[in-house]
Amino acid sequence: MSVVRLPRSESAESIVDLIGGTPLIRLGKLEPRPGVEIWAKAEFCNPGGSVKDRAALQMIKDGVASGALGRDKIIIDSTSGNTGVAYSMVGAALGYRVALVMPANVSAARKQIAAAYGTEIIFSSELEGSDGAIRLVRELVAANPEKYFYPDQYSNESNPRAHYLGTGREVWDQTGGRVTHFVAGIGTTGTIMGTGRRLKEYSSRVQIVAVEPDDALHGLEGLKHLPSSLVPAIWHPEGIVDRRLPLGTDEAWDMAERVAREEGLFVGHSAGASVAGAVRIAREIPEGERACIVTLLPDRGDRYFTPLKWEKQYEW
Ligand SMILES: Cc1ncc(COP(=O)(O)O)c(C=O)c1O
């Protein structure tokens, strides 16, 4: 068993100081043969429970620095998932009001998590799903631009910047510069863009692999099937992403189950997809060659206990 930790302070001035610096855990049982290592960045160790803490904190910090976010403004976005939890936690800790727009029919658990932090929940039509929530946010912001700060993680460069400044540097340090591949799922694409850009700067030989659902209809919350989606404005893969790896929902779900049972890591389905992608890459490494493959576990499996029936199309 191996784990590589970054120095973490024993005490913190604020919960936000504990965002990032997550452990890198070896997935030894999934390695196909000696010399081909698979490691996973445990992003569920962030205090809000997911990788999204990094992006939310960076977008809020950069918003404050640029003057776009002042004490009089309300942070608003359309998400009930990991990003919503992250905004709520960071907003509460730093003393900013947060409002989240979500379709009226999201699960009670999602509403309760956000409400627990004091976040205001604004309901959009349950008939219009996530698109209706996005439309309503845009209407609210357009009608009251001085009232709201709308980070919009799909087009906000602070989202990949969080990973450029944090995740990418951490992966390089934790592997002692041995990383040969970085494999991660794509949703907003912030993780792969920022981590990939940083790792390519360290060494252009590091291969960056983007895992995406192989079909428009999929069960991998948090991930996007780009060919059938609105392409996020922060997605600039040229010179950074070496390969896109389409992966089926079943393979990802099966891998999530395997990682729980064999490695004791109960992770979400998008983590299952990333690990399945890393295992595929590991199996392709030619005999006699060594590799240090790093993947990323965005959140834990217990985020998905509540029924997802109505939330399949919801943006995370
Ligand atoms: C569970 C989960 N997995 C993966 C992702 C994708 O990460 P990114 O948005 O950085 O591409 C997200 C974020 O949206 C997520 O919530």
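**View 1. Surroundings of L30 in the predicted model.** Setting aside residues up to four places away in sequence, L30 touches I38, M255, R258, V259, E262, E263, V275 and V279. The coordinates shown here and in the views that follow belong to a predicted model. L30 is also among the residues of the largest nonpolar core that touch the most other members, a group that further includes L265, V275, I293 and L297. V275 therefore appears twice in this view, as a residue touched by L30 under the 4.5 Å limit for heavy atoms and as one of the five core residues named for touching the most other members.

**View 2. The largest nonpolar core and a second core apart from it.** The largest nonpolar core holds 32 residues. Two or more residues of this core are given by each of the strands β3 (36-42), β9 (207-213), β10 (243-247) and β11 (291-297), and likewise by each of the helices α7 (249-263) and α8 (269-284). Helix α8 supplies the largest share, with eight residues. Apart from this core lies another one, made up of 22 residues, and A184, M193, L199 and V294 are among its members.

**View 3. L199, a member of the 22-residue core.** L199, which is one of the residues of the core of 22, is found in helix α6. Its relative accessibility is 0%, and L199 therefore counts as buried. When neighbours within four places in sequence are left aside, L199 is in contact with G168, V171, W172, V179, F182, V206 and I208. The C-alpha atoms of L199 and H181 are 9.4 Å apart in space, the two residues being 18 residues apart in sequence.

**View 4. T295 in strand β11 and the polar contacts of its side chain.** T295 is found in strand β11, an element that gives two or more residues to the largest nonpolar core. With a relative accessibility of 0%, which is under the 20% limit, T295 counts as buried. A polar atom of the T295 side chain lies 2.8 Å from the backbone oxygen of V183, and the side chain of T295 also reaches the backbone oxygen of S274, at 3.3 Å. Both V183 and S274 recur among the residues in contact with T295, a list that leaves aside neighbours within four places in sequence and also holds W39, A40, K41, V275 and A278.

**View 5. The ligand and the residues around it.** The ligand is surrounded by 16 residues, of which K52, G187, T188, T191 and S270 come nearest. By class, this shell has eight polar, five nonpolar and three charged residues. Three side chains are shown with a polar atom close to an oxygen atom of the ligand: a polar side-chain atom of T191 lies 2.6 Å from a ligand oxygen, an N or O atom in the side chain of K52 is 2.9 Å from one, and an N or O atom in the side chain of N82 is 3.0 Å from one. The ligand on its own has 380 Å² of accessible area, and the protein covers 98% of that area.

**View 6. S270, at the ligand and in helix α8.** S270, one of the residues that come nearest to the ligand, is found in helix α8. Its relative accessibility is 5%, so S270 counts as buried. Residues up to four places away in sequence not being counted, S270 touches E221, L223 and P298. The C-alpha atoms of S270 and L220 are separated by 5.5 Å, although the two residues are 50 residues apart along the chain.

**View 7. Two loop residues with positive phi.** D152 lies in the loop between β7 (148-149) and α5 (158-174), and its phi is near 50°, a positive value in a residue other than glycine. At 18% relative accessibility D152 falls under the 20% limit and therefore counts as buried. T189, in the loop between β8 (181-185) and α6 (190-202), has a phi near 80°, again positive in a residue other than glycine. T189 counts as buried because its relative accessibility is 2%.

**View 8. G239 in the loop between β9 and β10.** G239 is found in the loop between β9 and β10, and at 68% relative accessibility it counts as exposed. G239 and I122 are 117 residues apart in sequence, and their C-alpha atoms are 40 Å apart in space.

Methods. Residues numbered from 1 in each chain as written. Predicted model: local features only at pLDDT ≥ 70, side-chain atom pairs only at ≥ 80, totals over all residues. Heavy atoms only, no water. Near = heavy atom within 4 Å. Polar contact = N/O pair within 3.5 Å; in protein donor to acceptor, adjacent residues only side chain to side chain. Areas by Shrake-Rupley, 256 points an atom, 1.4 Å probe, with all protein chains shown as cover. Nonpolar A, V, L, I, M, F, W, Y, C, P; charged D, E, K, R; others polar. Core = buried A, V, L, I, M, F, W, Y, C linked by side-chain atoms within 4.5 Å. Buried < 20%, exposed > 50% of the residue type's maximum accessible area, 1.4 Å probe, protein only. Helix = DSSP H or I, 4+ residues; strand = E, 2+ residues; numbered from the N terminus.
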